[in-house]
Amino acid sequence: MKFLLSFILVVLAWGCSHHSSVDKHLNYSGNVMDVKELVTKIVIDTPLLSGMTTPYILGKYLILSDQQSKENLVFVFDKKDFSYIAGAVHPGEGPDEITMLGELIPDEVHHRLFVADYGKMKIMSYSLDSILLNPDCLPESKIDMNNSIIPTRLIYVNDTLCYACCMTVESGKPFQESLVTWNMKTGDIHPLISGHPEIERKRIRYTVSLEKDLIAVSYNHHDLLAIYDLKGNLKHYIYGSNWDNAISNAMIYYYKGIIICNDRIIVGYSGESNPNTGPINVTHLLVYDLDGNYIKTLNVGYNMNAFCYDPEYNRIIMSLNDEKLQFAYLDLDGLLELE
């Protein structure tokens with residue numbers, strides 16, 4: 001009997017210890033650094049772009065997508081000095097036009113750009129070299145998308161491996177977002193990460209690092225960050241002070257955008273409830289190490305629509321919703337260390 005009781009106590013202690021090593025509960029009220037004065041304006045006078053742009057990095061170029069543009073949907077700039085080079089990818093109903101622009105998927109190795117069209121449920125492939133020679137160059141059709149399982153955001157590794165945020169639609173049920181691996185040659189999709197079991201309606205952002213063997217997932221409507229290895233094995237849940245498992249239709253909005261910079265995870269953060277009217281203000285960047293330990297908060301001071309990371313210059317490039325600034329960058333040198 002004593003042996004049995006001892007065994008049970010050991011198992012319980014191990015379980016508590018194991019669970020605590022996975023779950024981390026954090027408070028972001030301390031170590032806030034105001035970096036507004038370090039944000040540098042990017043002047044883009046031509047072409048005129050709307051407030052619905054998303055930045056991407058492809059080689060030595062900054063790519064901006066603009067869903068509301070009438071002539072071109074994709075714009076190419078020199079990422080060093082932000083000079084304008086070309087506009088491409090035409091909107092429309094024609095066979096080589098994009099009906100409903102989705103995510104852009106950069107392919108660094110082959111210097112090409114995949115463009116998701118959710119009107120035609122296709123992914124088109126554009127050679128960046130061809131765009132630079134002739135902005136009116138025609139794309140190739142890469143793959144048709146499944147109407148019931150829709151990859152909405154993708155990170156391309158090669159033709160047989162993409163990490164994708166997948167939207168699953170079932171009749172009579174709210175759609176769900178999860179992470180999958182997707183073979184763009186065959187269309188085969190394999191579940192990878194279903195998400196936190198207590199969250200009923202999952203809306204996520206994610207980033208992948210092959211070098212670090214790491215996937216980081218943030219939840220749009222819950223104060224939660226999750227870290228996995230590339231096989232989808234959970235390493236940590238990081239709960240913020242406003243964590244709860246309420247249905248996401250309550251529209252508590254916390255996160256927007258997530259990137260990995262060397263040995264740091266950076267997440268756009270609001271920390272506010274969604275207002276009844278007006279925009280959601282995401283003005284802070286939460287900085288973690290790769291194990292999910294909180295480092296600091298960077299107060300950008302501007303509302304960020306979207307952002308991306310430029311590893312060559314170690315800076316974040318931002319699309320902003322601000323009367324004075326539409327585009328800007330933040331040099332990260334010296335900003336991400338624990339003080």
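## A tour of strand β18 and three salt bridges

Begin by selecting β18 and strand β19 (residues 234–239), which form a hairpin with five residues between them, and look in the turn for G232, whose phi is positive at about 90°. Strands here are DSSP runs (E, at least two residues), numbered from the N terminus. The model is a predicted one, in which local features need pLDDT of at least 70 and side-chain atom pairs count only at pLDDT 80 or more, while totals for chains, interfaces and linings use all residues. Residues are numbered from 1 along each chain as its sequence is written, and side-chain values use heavy atoms, with hydrogens and water left out.

Stay with this hairpin and display the backbone: β18 and β19 pair in the antiparallel sense over five bridges, where pairing requires that DSSP finds at least two bridges between two strands. Pick L225 and you will find that I238 is its bridge partner in β19.

Now turn to the other neighbour, strand β17 (residues 214–219), which runs antiparallel to β18 and is joined to it by four bridges. L225 serves here too, as the bridge partner of S218, and β17 and β18 form a hairpin with four residues between them.

Next, show the side chains of β18 (residues 224–228), where five of five residues are buried, that is, under 20% relative accessible area, with exposed meaning over 50% and partly exposed in between (1.4 Å probe, protein chains only). L224, A226 and Y228 point one way, whereas L225 and I227 point the other way. In a regular strand the side chains alternate between the two faces of the sheet.

Leave the strands and turn to charged pairs. The whole structure holds 10 salt bridges, each defined as a side-chain nitrogen of Lys or Arg within 4 Å of a carboxyl oxygen of Asp or Glu. Select D159 and K142, whose closest N and O atoms are 3.0 Å apart. D159 lies in the loop between β12 (149–158) and β13 (161–168) and K142 in strand β11 (residues 140–144), so this pair ties together parts that are 17 residues apart in sequence. D159 is buried at 17% relative accessibility, while K142, at 23%, is partly exposed.

Move on to R264 and D263, which meet in a salt bridge at 3.7 Å, N to O; R264 is buried at 9% relative accessibility, and D263 is partly exposed at 39%.

Finish at R315 and D310, both of them buried, whose side chains form a salt bridge at 3.8 Å, N to O. Add K79 and E312 to the selection, since salt bridges that share partners join K79, D310, E312 and R315 into one network.
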